[in-house]
Amino acid sequence: MGRMLAPGKGMLPSLPLGPWLKSTPDDVVEHIIKLARKGLTPSSIGVTLRDSHSIPRVRFVTGNKILRVLKSNGGRWAQAPRGQPQGQDSKFRLILIESRIHRRAQYYKTKQQIPPTFKYDSATASTLIA
């Protein structure tokens, strides 16, 4: 929401680097590459540099964002897990079908349509059908 009595959105400018920062851009790039080799995502690399190495923003020190530093050095970075992994819906549907089989097997055992020792096993299901 904007300001009522002044134009603009009221965003503060970023603060310049403080005098406490002793790292050079080359040191920061080395830290980024080392953390990426450990398998950290770019966002977690930024958090680690901020918390452990007192580097407020990588872009202020190196002139590039973390992802651009990784791409320019040819390094692979860890990708965040996807929201919808493949096969989740099929797995869910299989669980629903197997629970339906167990319910019907219980019903047919009480009606003595199948033997009381019948037990459904997904490994032997293909042999039951064929």
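The side chains of Arg-50 and Asp-51 meet in a salt bridge, with 2.9 Å from N to O. This contact belongs to a predicted model, and a search of the whole structure finds two salt bridges. Of the partners in this bridge, Asp-51 is exposed, with a relative accessible area of 52%, whereas Arg-50 counts as partly exposed at 46% relative accessibility. In general, side chains of opposite charge can pair when their charged atoms come close.

Asp-89 also takes part in a salt bridge, in this case with Arg-93, and the closest N and O atoms of that pair are 3.5 Å apart. Both residues belong to helix α5, which covers residues 88-110, and because they are four residues apart in that helix, about one helical turn separates Asp-89 from Arg-93. Arg-93 counts as partly exposed, its relative accessibility being 43%.

The helices around these contacts can be placed in the wider chain. The secondary structure of the protein chain comes to six helices and zero strands, so that its elements, read from the N terminus on, run α-α-α-α-α-α. Of the 130 residues in the protein chain, buried residues make up 14%.

Gly-18 is one residue for which burial can be stated: it lies in the segment before α1, a helix of residues 25-37, and it is buried, with a relative accessible area of 14%. The cut-off for this term is a relative accessible area under 20%, and therefore the 14% of Gly-18 places this residue in the buried class. Gly-18 and Pro-56 are 38 residues apart in sequence, while their C-alpha atoms are 9.2 Å apart in space.

Charge also gathers at the surface, where Arg-57, Arg-59, Lys-65, Arg-68 and Lys-71 form a positive patch. Among these residues, Lys-65 lies in the loop between α3, which covers 58-62, and α4, which covers 66-72. Lys-65 is partly exposed, with a relative accessible area of 47%.

Two loop residues deserve a note on their backbone. Ser-54, placed in the loop between α2 (42-52) and α3, has a phi near 55°, a positive value in a residue other than glycine. Gln-112, placed in the loop between α5 and α6 (125-129), likewise is not a glycine and has a positive phi of about 60°. As for accessibility, Ser-54 is partly exposed at a relative accessible area of 38%, whereas Gln-112 is exposed at 70%.

The structure holds one aromatic pair. Tyr-107 and Tyr-108 form this pair, which is edge-to-face, with 5.2 Å centre to centre and 70° between the planes. The cut-off for edge-to-face is an angle of over 60 degrees between the planes, and so the 70° between Tyr-107 and Tyr-108 falls in that class. Neither ring belongs to a buried residue, since Tyr-107 is partly exposed and Tyr-108 is partly exposed as well.

The accessibility values of several residues discussed here are set out below.

| Residue | Relative accessible area | Class |
|---|---|---|
| Arg-50 | 46% | partly exposed |
| Asp-51 | 52% | exposed |
| Arg-93 | 43% | partly exposed |
| Tyr-107 | 45% | partly exposed |
| Tyr-108 | 38% | partly exposed |

Conventions:
Residues are numbered from 1 along each chain as its sequence is written. This is a predicted model: local features need pLDDT of at least 70, side-chain atom pairs count only at pLDDT 80 or more; totals for chains, interfaces and linings use all residues. Side-chain values use heavy atoms; hydrogens and water are left out. A salt bridge is a side-chain nitrogen of Lys or Arg within 4 Å of a carboxyl oxygen of Asp or Glu. Buried means under 20% relative accessible area, exposed over 50%, partly exposed in between (1.4 Å probe, protein chains only). Patches are made of residues with over 30% relative accessible area and no salt bridge: like charges are joined within 9 Å, nonpolar side chains (Val, Leu, Ile, Met, Phe, Trp, Tyr) within 5 Å. Accessible areas come from the Shrake-Rupley method with a 1.4 Å probe; for residues, only the protein chains shown count as cover. Lys and Arg count as positive and Asp and Glu as negative; His and the chain ends are not counted. The place of a charge is taken as NZ of Lys, CZ of Arg, CG of Asp or CD of Glu. Rings of Phe, Tyr and Trp (its six-membered ring) pair if their centres lie within 6.5 Å; planes under 30 degrees apart count as stacked, over 60 as edge-to-face and the rest as tilted.
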